Amino acid sequence: MESFFDLFGPSPTTASERDTDTRNGNQEDSSDDSGSISSGSINHLLHHYGSSSELLLKGIDFNLGFLPPEPQLGNIEYKLKLINPSKQRFEHLVTQMKWRLREGNGEAIYEIGVSDAGHLKGLSDADMTVSLHTLNQMARKLDASTSVLRRKSLPNDRSVAEVLVRKIPDDQHNIEVRVAVLGGADAGKSTLLGVLTRGEFDNGQGRARLNMFRHMHEFQTGRTSCISHETLGFDAQGSVINYKYTEMMTAEEISDRSTKLVTFMDLAGHRRYMKTTVQALTGYCPHHALIVIGSGNISNMTREHLTIIQALDISFSIIVTKIDLAPPEPILYELKSMLTSIGYRKIPYLISNEDDVLNANTHQSVEQIVPIFCVSNVTGAGLNLLIQYLYVLSPGISNAEKERLEQEPIEFQIDEIFRVCEVGTVAGGLLCKGVLTENSLVQVGPLQDGSFFSVTVQTIHRNKAPCRVVRAGQSASLSFTSVEPMPALRSGMVILPDYESDKIARGSFFFQAQVSVLFHETRIYKGFQTTVHIGSIRQTAIIEGIMGAGETGIGTNQSASVLFRFVRHPEYVRPGMRVLFRAGTSKGVGKVTQVFPLKKAPSSAD
């Protein structure tokens with residue numbers, strides 16, 4: 001036993017586990033399929049360059065019988081037993097569960113049969129049944145649901161259990177997780193999403209990806225060029241809603257019937273559309289990213305996507321596809337070398353069974369691990385493990401932080417503009433702060449002179465379904481009404497409350513940021529022209545000054561305070577916003593420290 005994640009090592013497969021594997025009709029073939037990864041090949045991979053601890057995280061020996069001590073923060077709770085608690089004790093346990101749910105944004109993990117110190121004591125079958133019943137009563141008190149993720153047998157007929165507790169917020173239909181899907185061209189991103197959301201395997205020629213395309217040139221070339229949104233819904237038992245009832249379900253039906261909703265953003269993999277991909281990552285702020293790699297080699301675009309994901313501090317997993325065409329071992333060796341290098345310092349973790357899925361999800365943020373899935377869109381190998389991972393994937397933001405953002409004034413970043421017949425202009429984007437409702441009086445801008453204009457939010461749509469309210473961290477589409485003719489909207493504009501003063505609701509040409517250069521072949525000097533991404537803003541900017549650099553400029557891995565100037569039009573920027581700038585292979589990140597709003601033009605009365 002050399003790995004922390006083997007604390008819940010795989011047990012012999014039971015009939016119930018086999019039933020779980022087939023709940024979505026994606027039963028894996030038990031025969032020796034060349035597209036699947038056998039335990040022998042995994043062991044060979046783990047030991048090819050030494051012990052398995054080189055690829056997996058070192059940790060505590062399972063034979064010692066304990067987990068790490070219970071974390072004080074977060075959504076993980078240890079309980080030795082829950083047998084006939086007093087009324088006062090029961091209310092305390094309910095309050096404790098409520099706090100853990102708040103920490104996990106509506107989801108909590110309970111380890112039953114484990115002491116606070118992490119010792120795996122285990123319970124008898126009778127005590128485990130009573131403890132799970134008590135846990136279910138606690139959850140029902142909060143209108144939450146429970147589902148046993150796994151049980152681990154211990155000596156002396158005792159066992160421990162891991163239980164997922166989920167509570168949908170009172171103001172939401174479901175818990176939503178935004179997942180960006182990236183990777184090089186022809187890696188199989190759109191095909192993977194087509195298989196996941198439609199429930200039908202690919203024919204080996206890309207048939208499953210056709211439902212993902214939005215434009216004629218995408219059908220002709222087979223390459224995604226814009227941001228495509230798809231949803232995958234789960235019920236309380238972890239079954240996929242998309243194809244559970246009927247073959248064709250609308251996005252509104254999926255959203256209404258789901259307790260958890262995973263919203264995918266299918267992003268372009270060709271270098272020509274790199275600016276669109278980066279804008280989606282900075283504008284929509286995904287909770288997680290899936291890096292798709294075709295079995296064969298890791299392309300330069302994939303490496304660039306990984307660099308950007310790392311710079312934006314977005315957690316990610318890796319999906320190796322097309323394992324029915326080529327063995328995944330060469331890619332896994334290369335990933336191991338790349339992820340453990342100084343630039344990443346991550347721990348690659350190969351997912352081969354359901355225990356790996358749950359362990360990876362539980363410890364991903366703490367231990368800096370990167371789950372790696374090997375799948376085939378043709379044979380279906382590995383897809384069940386990926387689906388289960390998406391089911392337990394957490395948004396990664398606590399309810400306390402979410403509530404803090406909701407208390408602030410609204411800030412909606414516009415990313416896409418549509419013209420809808422009989423509706424007019426529709427703006428799509430992300431609400432970064434506050435709570436926005438129908439018929440709210442807001443102001444949109446900035447215009448060319450830096451000013452904002454007043455409009456009223458007429459309707460709101462989320463996940464292609466109408467709603468009346470959108471909260472911080474949620475994406476939505478808005479339509480407007482206004483007394484005067486509306487100026488043309490553009491991507492990068494923001495929506496602020498109508499009561500915001502002119503000093504705050506102003507656009508800026510100049511802003512200052514503390515930046516770090518991730519890569520540049522030579523040196524960056526005053527006058528350097530680059531594309532700047534700040535939220536949904538994407539515009540060319542010129543460096544007007546580099547503080548403290550003198551005539552030497554700044555190079556790779558160097559930091560400085562830099563003054564930028566937008567070239568085309570003013571943008572709404574505030575201190576604290578994350579900046580990513582790129583020009584060719586050159587990249588840098590930083591945070592805005594100061595802005596210089598345009599002065600308001602004097603009125604005729606003045």
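A polar contact is a pair of N or O atoms within 3.5 Å; within protein, one atom must be able to donate a hydrogen and the other to accept it. In this predicted model, one such contact joins the side chains of threonine 425 and arginine 419, at 2.7 Å.

**Threonine 425**

Threonine 425 sits in strand β13, residues 424-433. Its relative accessibility is 16%, so threonine 425 counts as buried; the cut-off for buried is under 20%. Residues up to four places away in sequence aside, threonine 425 touches Ile417, Phe418, Arg419, Leu478, Ser479, Phe480 and Leu489. Arg419 is thus named twice: as a contact of threonine 425 and as its polar partner.

**Strand β9 and its neighbours**

How many residues of strand β9 are buried? The count is 6 of the 6, residues 316-321, so β9 is largely enclosed by the rest of the structure. In a regular strand the side chains alternate between the two faces of the sheet. Here Phe316, Ile318 and Val320 point one way from β9. Ser317, Ile319 and Thr321 point the other way. Both sets are buried.

Strand β9 pairs with strand β8, residues 288-294, in the parallel sense over 6 bridges. Leucine 290 has serine 317 of β9 as its bridge partner. Helix α9, residues 300-311, joins β8 and β9 in a right-handed β-α-β unit.

Strand β9 also runs parallel to strand β11, residues 369-374, with 3 bridges between them. There, isoleucine 318 has isoleucine 372 of β11 as its bridge partner. The two named β9 residues fall on opposite sides: Ile318 points one way and Ser317 the other.

**From β11 into α12**

Alanine 381 lies in the loop between β11 and α12. At 10% relative accessibility, alanine 381 counts as buried. Its C-alpha atom is 8.5 Å from that of aspartate 324, although the two are 57 residues apart along the chain.

Helix α12 spans 383-392. Which of its residues are buried? They are Leu383, Asn384, Leu385, Leu386, Ile387, Gln388, Tyr389, Leu390, Tyr391 and Val392. That is 10 of its 10 residues, and α12 is mostly covered.

**Strand β1, helix α3 and strand β2**

A right-handed β-α-β unit is also made by β1, α3 and β2. Strand β1 covers residues 76-79. Ile76 and Tyr78 point one way from β1, and Glu77 and Lys79 the other way. All are buried, the charged names Glu77 and Lys79 included. Strand β2, residues 107-112, runs parallel to β1, and 4 bridges join the two. Tyrosine 78 has glutamate 111 of β2 as its bridge partner.

Helix α3 has 17 residues, 87-103. From first C-alpha to last it reaches 25 Å, close to the 24 Å expected at 1.5 Å a residue. Its buried residues are Phe90, Leu93, Val94, Met97, Arg100 and Leu101. They cover an arc of only 125° around the axis, which puts them on the same side of α3. Gln88 and Thr95, on the other side of α3, are exposed. Just after α3 comes asparagine 105, with a positive phi of about 55°.

**Backbone points in the loops**

Lysine 322 and asparagine 557 have a positive phi too.

| Residue | Phi | Loop |
|---|---|---|
| Lysine 322 | about 60° | between β9 and α10 (329-339) |
| Asparagine 557 | near 70° | between β23 (537-547) and β24 (559-566) |

Neither lysine 322 nor asparagine 557 is a glycine. Is lysine 322 exposed, partly exposed or buried? Its relative accessibility is 30%, so lysine 322 counts as partly exposed. Asparagine 557 has 68%, and therefore counts as exposed; the cut-off for exposed is over 50%.

A further backbone feature is a cis peptide bond. Where is it? It joins glycine 445 and proline 446, with omega of about 5°. Proline 446 lies in the loop between β15 (441-445) and β16 (453-462).

Technical notes:
Residues numbered from 1 in each chain as written. Predicted model: local features only at pLDDT ≥ 70, side-chain atom pairs only at ≥ 80, totals over all residues. Heavy atoms only, no water. Buried < 20%, exposed > 50% of the residue type's maximum accessible area, 1.4 Å probe, protein only. Contact = heavy atoms within 4.5 Å. Pairing = 2+ DSSP bridges. Right-handed = clockwise from strand over helix to strand, strands pointing away. Expected span 1.5 Å × (residues − 1). Arc of directions from axis to C-beta.
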